[in-house]
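User: I would like a close look at one part of this model, followed by a walk through the parts around it. Please keep the explanation plain.

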Amino acid sequence: MYRLQRKIALCLRHRGKKGVFTFLLDNLGVKDVQFEELIALDSEYLRQLSPVYGVIFLFKYPTGERANQDGTPKDGQYDYAAAENIFFAAQTIQNACGTQALLSVLLNKDGEIDVGTQLRDFKEFTAGFPAEFRGEALSNSELIRDVHNSFAKSSPFVDETQRTATEDDDVYHFIAYTPINGVLYELDGLQPAPIAHGASTFEEFPEKVIPVLQRRIERYPAHEIRFNLLAMVRDLRVRAREIGDEEMLMREENKRSDWQFENALRRHNFVGFAGEVLKGVIAEKLKEGPDAYKTWIDDAKKKTKDRASDQRKKGGADNDDEEMLG
């Protein structure tokens, strides 16, 4: 087992993605599929979740990384011919890479997963499209757009400025890995074609994908911890019912309830509530006198600076700005 020690803390930071992605699947009309989060690159644990349809990998996009001069990917080989035979879409909008990674697995497993009538029709409609047109079709699909937007974080602030990301920016990206037609593919809408990583049957996938992920993570500095790995698997409640495990079934049902609550919080705008709380706290401090209020403000500023300094030393700001969908 290859245990990624630096990832353990990260999972706490990006927790909740499995719940978002699972309910996104439900709202797209997909039956009996969910996501599970992995905290270690462990093929044995991944196999325990079988059937595993694919994995989605979240990472800090290396904006300063230079491409290979010969036009090859950093790992694996471009398979341009496969782009015409499998579902592969270019990413044409900036904030939907999570949804696109999910669909990259899902629409290549429609023979094994009940993806629903609308997604099946969408795949058939775009079957003859080049990757760029498939990407445009994704953004124009009413079903996909509405479900995607329904999980976006609520924010009263809109930043309309546009600029090119630099090496100092925290830009996050989702990609998919899944076995298709006996080949392990990396499906990344920012790449010109699917990337083949060698032979892999559906049954071999847990063992074959782990080394590929290891090599990718090893390209980052040792202090980089911002990774997250989600496995698309069969609904664990179905397994619990099949084997008659009532305890497992209750645990999975409770997990779904927690995810539903977390997703509701995600969509809620707490600015008004926070403002009222802040006004109440300030009023209480002012009752203690102007000096007490000023001391409180100065202490808060110092603690904020200290936290920012500590976060920079650890390799990045404590920021969850990476949209689950982009």
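Which residues form a nonpolar patch on the surface, and about how much accessible area do they have together?

Analyst: The model is predicted, and every value below is computed from it. The nonpolar surface patch consists of F273, V277 and V281. Together these residues have about 270 Å² of accessible area. V281 sits in helix α11, which covers residues 271-287. V281 has a relative accessibility of 34%, so it counts as partly exposed, since the partly exposed class lies between 20% and 50%. A residue enters a patch only with over 30% relative accessible area, and V281, at 34%, meets that cut-off.

Helix α11 also holds a charged pair. E276 and K279 are joined by a salt bridge, with 2.9 Å between the closest N and O atoms. Both residues lie in α11, three residues apart, which is about one turn of the helix.

A similar arrangement can be described in helix α10, which spans residues 246-267. There the side chains of K255 and E252 form a salt bridge, at 3.1 Å from N to O. These two are three residues apart, about one turn of the helix. K255 has 17% relative accessibility and therefore counts as buried, because buried means under 20%. E252, at 5%, is buried as well.

S257 is another residue of helix α10. Its relative accessible area is 44%, which makes S257 partly exposed. S257 and G19 are 238 residues apart in sequence, while their C-alpha atoms are 9.6 Å apart in space.

The salt bridges of the structure number 18. One of them joins E186 to R216, with the closest N and O atoms 3.1 Å apart. This pair links distant parts of the chain: E186 belongs to strand β5, R216 belongs to helix α8 (residues 205-217), and 30 residues separate them. E186 has a relative accessible area of 4% and is therefore buried. R216, at 9%, is buried too. Salt bridges also link D26, D235, R237, R241, E253 and R256 into a network.

R216 has a second contact, this time with a ring. It lies over the face of F59, at 4.4 Å from the ring centre. F59 in turn belongs to a cluster with F57, Y220 and F227, linked by ring pairs. Across the whole structure, ten aromatic pairs are found. Among them is the pair of F125 and F129, with ring centres 5.3 Å apart and planes at 70°, so the pair is edge-to-face. The cut-off behind that label is an angle of over 60 degrees between the planes. F125 has a relative accessible area of 56% and is exposed, whereas F129, at 26%, is partly exposed.

Next comes the sheet. Seven strands form an open sheet in the order β1-β7-β2-β4-β5-β6-β3, and the pairing is antiparallel. Strands β1 (33-38) and β3 stand at the edges, each with a single partner strand, so one side of each has no neighbour in the sheet.

The strand pairs can be followed by their bridges. Strand β2 (residues 52-60) and strand β7 (residues 227-234) run antiparallel and are joined by seven bridges. Within this pair, I56 has L230 in β7 as its bridge partner. Strand β5 (residues 183-187) pairs with β6 over three bridges, again in the antiparallel sense. E186, the residue already met in the salt bridge with R216, has I195 in β6 as its bridge partner. Strand β6 (residues 195-199) is also joined to β3 (residues 77-78), by two bridges, and these strands run antiparallel. Here Q77 has A196 in β6 as its bridge partner.

The last element is helix α4, residues 97-106, which is mostly covered: ten of its ten residues are buried. The buried residues of α4 include C97, G98, T99 and Q100, along with L106 at the end of the listed stretch. That contrasts with V281 in the patch, which counts as partly exposed at 34% relative accessibility.

Note on methods:
Residues are numbered from 1 along each chain as its sequence is written. This is a predicted model: local features need pLDDT of at least 70, side-chain atom pairs count only at pLDDT 80 or more; totals for chains, interfaces and linings use all residues. Side-chain values use heavy atoms; hydrogens and water are left out. Patches are made of residues with over 30% relative accessible area and no salt bridge: like charges are joined within 9 Å, nonpolar side chains (Val, Leu, Ile, Met, Phe, Trp, Tyr) within 5 Å. Accessible areas come from the Shrake-Rupley method with a 1.4 Å probe; for residues, only the protein chains shown count as cover. A salt bridge is a side-chain nitrogen of Lys or Arg within 4 Å of a carboxyl oxygen of Asp or Glu. Helices (H or I, at least four residues) and strands (E, at least two) are DSSP runs, numbered from the N terminus. Buried means under 20% relative accessible area, exposed over 50%, partly exposed in between (1.4 Å probe, protein chains only). Two strands pair if DSSP finds at least two bridges between them. Rings of Phe, Tyr and Trp (its six-membered ring) pair if their centres lie within 6.5 Å; planes under 30 degrees apart count as stacked, over 60 as edge-to-face and the rest as tilted. A charge sits over a ring if NZ of Lys or CZ of Arg is within 6 Å of the ring centre and within 35 degrees of the ring normal.
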